[in-house]
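Work through the exercises below with the sequence and the 3D view open. Try each task before reading its solution.

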Amino acid sequence: MTDSLACEDNADLHAFIHQQIEKKGGIPFSEYMEYCLYHPQFGYYMGSRQRIGTHGDFFTSSTVHRLFGGLLAKQLHQMWQLLAEGPFTIVEQGAGDGFLALDILDTIKREYPDFYAKLCYQLIEISPDNRRRQQQNLAEHQTCLQWCRFEEVTPFDGCFLSNELVDAFTVSIVEKHDGVLQEVYVVNGDNGFGEELRTPVSEQIQYHFDKLGVAPVEGNRAEVCLYAAQWIRSVAEKLRRGFVLTIDYGYPAAELYAPFRRQGTLLCYYHHTANDNPYQNIGCQDLTSHVDFTLLQQWGEEQGLDCLYFGEQYRFLMGLGFIEELVKLQAAETDERKACALRMTLKNLILPDGGMGETFKVLVQGKGVATPVLLCQRSIQEISLESLALSS
Ligand SMILES: C[S@@+](CC[C@H](N)C(=O)[O-])C[C@H]1O[C@@H](n2cnc3c(N)ncnc32)[C@H](O)[C@@H]1O
């Protein structure tokens, strides 16, 4: 753990968790994380605070540039065509401030008016504060918007979309010692919260690793997102025909649980600084872990979701015309300094090592749509040479 950087702590949440631990004699890490992020009054996502953007704790691709949503709109348009251009529902879960939805809807309205006329856009949002922000930011698209709870989504044809949702789901933490998997419990310590390793791990955790066929090696710590398995099953049940498009940072299971990843991937974000101490800034920092994309594919397949595309965000965006659009945007910018700033900003979406290009992955699953060739599958070799004339 890093040294404590605590600058802010929600005392009410701290006291609440302390009581729960006292009452139950310790709580699994997943329960601790649930309180930190989603306690109805004090959880990080539930209160009124700026979480995304310059004055928040982290950036997302949709806050980097509007082109991200614009390119997604292009892919969604093709999905609509593949479903014979009938009524189409986009269900977006975890839309943050609503800017991705805004960029998608603005592009569809401008570029594909026939599609816009057939579109219903449903938002599922756990945070009352974010729902308020979404309602404000999306006011001009009121006629095709609906907010609902996950359980209220009725079977639909269309696309279930999320960007950086699954990394916010609560996780259990395990460690392997002497050949035995042990689960991390949170307990009350002399100086705040502490951890205790307990055996046996729950049946669900054991089942999860047996099913994956991959597990952490001796001495390693790792996260398990049981909630993601339930979630993808429920998404598949709601989708009558169409697509599930999931964008997030993560890896296939073999890479996520690789021997070199000794401490797992849990990270906390507070004012654009990442730390690995979930026991500080309680209720005031985001807690996330990398997504296990094998789990989403495996559990999805059992519910009739075929994997149509899985790849890095940079490949996905390039397939959809990222380079060509960048060249057009640059050509329209007469001020060279602004054109350079634009290039630097947009590079964040595709660059590996610190950018969002490589760790971020895109999974497209389909139900009842056979195996179409999606626009995002266009290979980088097919991009014309002139459009690759990128500098600085
Ligand atoms: C990291 S933010 C992603 C924001 C947004 N998608 C973007 O691209 O900027 C996570 C979002 O998921 C929401 N969220 C987390 N768990 C959720 C759940 N179970 N149901 C609905 N929304 C959820 C949060 O409130 C927040 O809006």
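The exercises that follow concern a predicted model.

**Exercise 1. The cavity**

Task: Find how many cavities of 30 Å³ or more the structure holds, and state which residues are closest to the centre of the largest cavity.

Solution:
- Step 1. Count the cavities: there is one of 30 Å³ or more.
- Step 2. Take the volume of the largest cavity, which is about 120 Å³.
- Step 3. Look at the lining, which is made by 16 residues; Val171, Cys225, His290, Val291 and Asp292 are the closest to the centre.
- Step 4. Assign the lining to elements. Strand E9 (221-224), strand E14 (291-292) and helix H11 (293-302) give two or more residues each.
- Step 5. Sort the lining of the largest cavity by class: ten residues are nonpolar, three are polar and three are charged.

**Exercise 2. Two helices packed on H11**

Task: Describe how helix H9 packs against H11, and then how helix H8 crosses H11.

Solution, first pair:
- Step 1. For H9 (residues 226-238) and H11, read the angle, about 40°, and the distance between the axes, 9 Å.
- Step 2. Angles from 65 to 115 degrees count as roughly perpendicular and those under 35 degrees as roughly parallel. The angle of about 40° therefore makes H9 oblique to H11.
- Step 3. Give the handedness: the crossing of H9 and H11 is right-handed.
- Step 4. List the contact residues. H9 contributes Ala228, Ala229, Trp231, Ile232 and Arg233, which meet Leu295, Leu296, Trp299 and Gly300 of H11.
- Step 5. Sort the residues of this contact of H9 with H11: seven are nonpolar, one is polar and one is charged.

Solution, second pair:
- Step 1. For H8 (residues 203-212) and H11, the axes come within 11 Å and cross at roughly 90°.
- Step 2. This crossing makes H8 roughly perpendicular to H11.
- Step 3. On the H8 side, the contact has Tyr207, His208, Lys211 and Leu212; on the H11 side, it has Thr294, Leu295, Gln298, Trp299 and Glu302.
- Step 4. The contact of H8 with H11 sorts into four nonpolar, three polar and two charged residues.

**Exercise 3. The second largest pocket**

Task: State which helix gives the most to the lining of the second largest pocket, and sort that lining by class.

Solution:
- Step 1. Note the space in the second largest pocket, about 340 Å³.
- Step 2. Find the residues at its centre: of 15 lining residues, Leu67, Gly70, Thr107, Arg110 and Glu325 are the closest.
- Step 3. Identify the helices that supply at least two lining residues each: H4 (67-82), H5 (99-111) and H13 (322-331).
- Step 4. Of the elements in the lining, H5 gives the most, with five residues.
- Step 5. By class, the lining of the second largest pocket has eight charged, four nonpolar and three polar residues.

**Exercise 4. Two backbone details**

Task: Is the peptide bond from threonine 199 to proline 200 cis or trans, and where does histidine 271 lie?

Solution:
- Step 1. Check omega for the bond from threonine 199 to proline 200: omega is near -10°, and the bond is cis.
- Step 2. Place proline 200 in the loop between strand E8 (192-198) and H8.
- Step 3. Place histidine 271 in the loop between strand E11 (267-270) and strand E12 (273-275).
- Step 4. Check phi at histidine 271: phi is positive, about 50°, although this residue is not a glycine.

Conventions
Residues numbered from 1 in each chain as written. Predicted model: local features only at pLDDT ≥ 70, side-chain atom pairs only at ≥ 80, totals over all residues. Heavy atoms only, no water. 1 Å grid on protein atoms, 1.4 Å probe; cavity = no way out; pocket = protein on both sides within 12 Å on 5 of 7 lines; lining within 4 Å. Points joined across faces, edges and corners; volume = space filled by probe spheres on them. Helix = DSSP H or I, 4+ residues; strand = E, 2+ residues; numbered from the N terminus. Nonpolar A, V, L, I, M, F, W, Y, C, P; charged D, E, K, R; others polar. Axes fitted to C-alpha atoms, helices over the stretch in contact; angles between N-to-C directions. Parallel < 35°, antiparallel > 145°, perpendicular 65-115°, else oblique. Left-handed = near helix turned anticlockwise from the far one by under 90°. Contact = heavy atoms within 4.5 Å.
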